[in-house]
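Student: I have a structure to study and would like to learn how to read its features one at a time. Could you take me through them?

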Amino acid sequence: MTTQDQTTYDPGTFDIIQNALQAVADEMFVAQRKTSMSAIIYEVLDLSTSILDPQGEIAAVGAGIPAFIGVLDKAIHGILEKFPLDTIRPGDLFATNDPYYGGVTHLNDMVLAAPVFSEGRLIAWVSNIAHWNDVGGMVPGSMSSDATEIFQEGVRIPAVKLFEEGREHKAVFDILYVNTRLPDFLRGDLWAGIAGLRIGERRILELVK
């Protein structure tokens, strides 16, 4: 390998940045846990948080369900397949639970993700996943051993924008609220997830500064 092919970096700075990203992911986790409505999130800790690079590769992961490690990168890849990079703007925020659009577990596990921009350039993604109590379907709780097709499991959210350039898409929120038996819990858990993303974005921008 020639000198030109080698990438040099300061190991001390690298470790400081890596640990800072880990701290941000952990703070995202704590913020979401403390503000969620449902015990399955704030007691059982059925959630996870992550910071990813612009291509959706994991840079840091918060606490939570170990099985969720390696999940959120697939969700970002699903979002990027549907939305080219030149259509993603500051203030956008995405949701998906559909396995055909980046949702990789079951419909109760909702992924939220937001791009982080600095000086007009996409530098990272912040994302989380959490189990919502009920997302519709044929039985309360949205988990039935008798389901024979995905349509019986609940509402499918195929990687859609909840916010576009900071503007709330109220119609999408209404669809979520009307397709659950527990709208107050879903509303609380949804906004807790949004709060976690906003904390993550704020801390990353502070780190960049």
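Tutor: Let us begin with a definition: a salt bridge is a side-chain nitrogen of Lys or Arg within 4 Å of a carboxyl oxygen of Asp or Glu. Please keep in mind throughout that this is a predicted model.

Student: How many salt bridges does the structure hold?

Tutor: The structure holds nine salt bridges, and we can look at some of them in turn. Among them is the pair Asp184 and Arg187, whose side chains meet with 3.3 Å from N to O. Both residues lie in helix α5, where they are three residues apart, or about one turn of the helix.

Student: Are Asp184 and Arg187 buried or exposed?

Tutor: For this we use relative accessible area, where under 20% means buried, over 50% means exposed, and anything in between means partly exposed. Asp184 is exposed because its relative accessible area is 52%, whereas Arg187, with 33%, is partly exposed.

Student: Which residue forms a salt bridge with Lys170?

Tutor: The partner of Lys170 is Asp174, and their closest N and O atoms are 3.2 Å apart. These two are four residues apart in helix α4, so about one helical turn separates them. Lys170 counts as exposed, because its relative accessibility is 53%, while Asp174, at 37%, counts as partly exposed.

Student: What about a salt bridge that involves Lys161?

Tutor: Lys161 pairs with Glu164, and here the closest N and O atoms are 3.7 Å apart. Lys161 counts as buried because its relative accessibility is 8%, whereas Glu164 reaches 28% and therefore counts as partly exposed.

Student: Which residues are linked in a network of salt bridges?

Tutor: Such a network links Glu27, Arg203 and Glu206.

Student: Let us turn to empty space. How is it found, and what is the volume of the largest pocket?

Tutor: The general idea is that rolling a probe the size of a water molecule over the atoms shows where empty space is left. In this structure, the largest pocket has a volume of about 230 Å³. Its lining includes Ile17, Leu21, Ile51, Asp53, Ile123 and Ile204. The elements that give two or more residues to this lining are α1 (11-35), β1 (47-52), β5 (121-131) and α5. The largest share, three residues, comes from α5.

Student: What classes of residue make up the lining of the largest pocket?

Tutor: The lining has 11 nonpolar residues, no polar residues and one charged residue. In the list of lining residues you will find Asp53, and Asp is one of the residue types that count as charged.

Student: Could we look at one lining residue, Ile204, and ask where it is found?

Tutor: Ile204 is found in helix α5, and it is buried because its relative accessible area is 4%. Ile204 and Ile51, both part of the pocket lining, are 153 residues apart in sequence, and their C-alpha atoms are 9.2 Å apart in space.

Student: Finally, which residues make a nonpolar patch on the surface?

Tutor: Met37, Leu182 and Phe185 make a nonpolar surface patch of about 240 Å². To place one of these residues, Leu182 lies in the loop between α4 (170-178) and α5 (183-208). Leu182 counts as partly exposed because its relative accessibility is 35%, and a patch of this kind takes residues with over 30% relative accessible area.

Methods:
Residues are numbered from 1 along each chain as its sequence is written. This is a predicted model: local features need pLDDT of at least 70, side-chain atom pairs count only at pLDDT 80 or more; totals for chains, interfaces and linings use all residues. Side-chain values use heavy atoms; hydrogens and water are left out. Patches are made of residues with over 30% relative accessible area and no salt bridge: like charges are joined within 9 Å, nonpolar side chains (Val, Leu, Ile, Met, Phe, Trp, Tyr) within 5 Å. Accessible areas come from the Shrake-Rupley method with a 1.4 Å probe; for residues, only the protein chains shown count as cover. Buried means under 20% relative accessible area, exposed over 50%, partly exposed in between (1.4 Å probe, protein chains only). On a 1 Å grid over the protein atoms alone, a cavity is a set of points where a 1.4 Å probe fits but cannot get out, and a pocket is an open set with protein on both sides within 12 Å along at least five of seven lines; lining residues have an atom within 4 Å of a point. Grid points are joined across faces, edges and corners, and a volume is the space filled by probe spheres set on the points.
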